[in-house]
Amino acid sequence: MNNRLSSLDILSLGLMTFAFFLGAGNIIFPPLAGAHAGAEMVPAMLGFLATAVGLPLLTLIAVAKAGGGISTMAKHLPVSLATTLALAVYIIIGPSFATPRTGLVAYEIGIKPFIEQDYLALFSVVFFALVAWLSIKPGKLLDYVGKFITPLLVLLLLALAVAVFMAPLGELGTPNADYANDAFVKGFLEGYNTMDTFGALVFGMLIVNVLTGKGVTAKSYIYKYLIIAGCIAAAGLAFVYISLFYLGATSQVIAAGAQSGSDILTIYVFGMFEERGTYALAAVVVMACLTTAVGLVSAMTAFLTKLKPNWNYTYLVLINCVVCALVTNVGLTQLITLSIPVLFAVYPVAIALIALTFVQEKLGNKGLSYKFVLSIALMFGVLDGLKVAGLDMHAFNFLPLFDKGLAWLLPTAVALVIALLAFKKVPCQKAALSRA
């Protein structure tokens with residue numbers, strides 16, 4: 001029997017999706033990008049919104065269309081390749097980068113300003129112990145997150161946004177060289193850092209699991225509710241990003257010399273609300289990071305148990321959280337530095353997979369098309385990643401958009417067109433013989 005969600009449950013589902021996305025990167029990168037963009041805030045912000053809001057929303061729609069997460073979307077690849085791709089994405093948004101970053105940002109903004117000594121190691125243990133406790137009961141996520149934590153989070157962010165727009169602490173600053181020349185492209189690439197598109201690839205399946213846990217089994221309703229949840233999350237993220245971008249763009253005087261988004265945000269909020277503002281900011285950041293960490297740990301553990309059904313869910317959650325706690329102690333700056341080349345290399349593959357999902361019905365030879373397009377995206381994405389990592393890549397300067405960090409874009413688009421027009425469907429008789 002198929003259940004339908006009430007209006008309150010649908011809203012809670014959307015808020016839960018919003019809360020899963022609103023984590024560490026969503027808090028610290030928009031203020032920094034806004035500070036660098038200054039008077040070029042609008043085009044930079046539009047570029048940022050394209051990769052940090054538009055792509056995640058398209059990804060959730062693609063997940064709904066495919067009827068499953070990244071493994072289902074990559075089903076036309078050989079099983080080993082599809083599994084490897086899915087595992088790579090889960091590792092990136094799991095224990096390697098995104099999940100430990102939630103703990104680091106929660107500590108840097110929510111705890112460190114109020115203490116004199118460094119207690120990162122202790123905090124990482126406490127933080128991920130709480131994450132583990134919330135993740136062990138995934139069926140309760142909608143109740144824990146959607147109906148209690150997120151509404152408070154939204155209210156706190158709303159208060160900050162209203163204050164920033166009504167009484168900013170400065171004028172729009174001077175853009176740095178990168179934003180003065182290519183504000184939209186720079187903002188587009190900065191949006192990679194949020195990892196929201198990767199998050200959508202895994203959160204989509206988590207939301208599907210929540211829906212089935214609520215008794216929603218009809219594909220049409222799962223599709224409908226997932227798209228509604230995605231739209232709610234996208235609207236919330238856009239509101240937060242625009243507010244934080246404007247905060248950063250007007251911070252060049254009050255936060256002069258600040259080197260990170262967390263520093264800009266902390267200084268600005270203290271200048272606007274004094275000490276009570278820093279406490280409110282701490283509450284916002286810790287809750288945002290906690291809810292995102294729960295979503296990431298739950299999603300990765302669900303993926304691993306689906307891959308290996310005999311593995312124990314609770315033990316996997318604990319192992320995941322232990323690894324995340326250890327990686328957290330690397331430090332925020334070092335973790336971000338390590339993650340950027342990886343994101344430049346892998347993001348094009350995720351974007352290409354989303355595009356393939358939307359046009360798969362028009363592909364004559366799906367297997368060949370997926371391998372061809374994704375290989376091209378990965379190959380040129382790796383070139384962008386190596387360049388960002390600091391390697392000497394001058395030999396590739398002839399490639400279109402290579403200087404902008406988008407060497408993958410045109411080759412991947414051409415590969416997709418070739419797949420649509422040139423790759424013919426495998427004859428049924430030949431396909432049957434090959435299967436035999």
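User: Which helices each supply at least two residues of the lining of the second largest cavity?

Analyst: Helix H8 (141-166) and helix H11 (219-249) do so. H11 gives the largest share, 5 residues. Each is called a helix because it is a DSSP run of H or I with at least four residues, numbered from the N terminus. The model is predicted, with local features needing pLDDT of at least 70 and side-chain atom pairs pLDDT 80 or more, while totals for chains, interfaces and linings use all residues. Residues are numbered from 1 along each chain as its sequence is written, and side-chain values use heavy atoms, without hydrogens and water.

User: Why are Leu157 and Phe239 said to line the second largest cavity?

Analyst: A cavity is a set of points on a 1 Å grid over the protein atoms alone where a 1.4 Å probe fits but cannot get out, and a lining residue has an atom within 4 Å of a point. Leu157 and Phe239 are in that lining, as are Leu160, Ala161, Val164, Val240, Ser243, Leu244 and Leu247. The space in this cavity is about 60 Å³.

User: What makes up this lining by class?

Analyst: There are 8 nonpolar residues, 1 polar and no charged. Ser243 counts as polar because Ser is in neither the nonpolar list (Ala, Val, Leu, Ile, Met, Phe, Trp, Tyr, Cys, Pro) nor the charged one (Asp, Glu, Lys, Arg).

User: What is known of the largest cavity, and how many cavities are there?

Analyst: The whole structure holds 3 cavities of 30 Å³ or more. The largest has a volume of about 120 Å³, and 17 residues line it, with Ala98, Thr194, Asp196, Thr292 and Leu296 nearest its centre. Elements giving two or more residues include helix H6 (98-110) and helix H12 (261-307). This lining has 8 nonpolar, 7 polar and 2 charged residues.

Terms used: On a 1 Å grid over the protein atoms alone, a cavity is a set of points where a 1.4 Å probe fits but cannot get out, and a pocket is an open set with protein on both sides within 12 Å along at least five of seven lines; lining residues have an atom within 4 Å of a point. Grid points are joined across faces, edges and corners, and a volume is the space filled by probe spheres set on the points.
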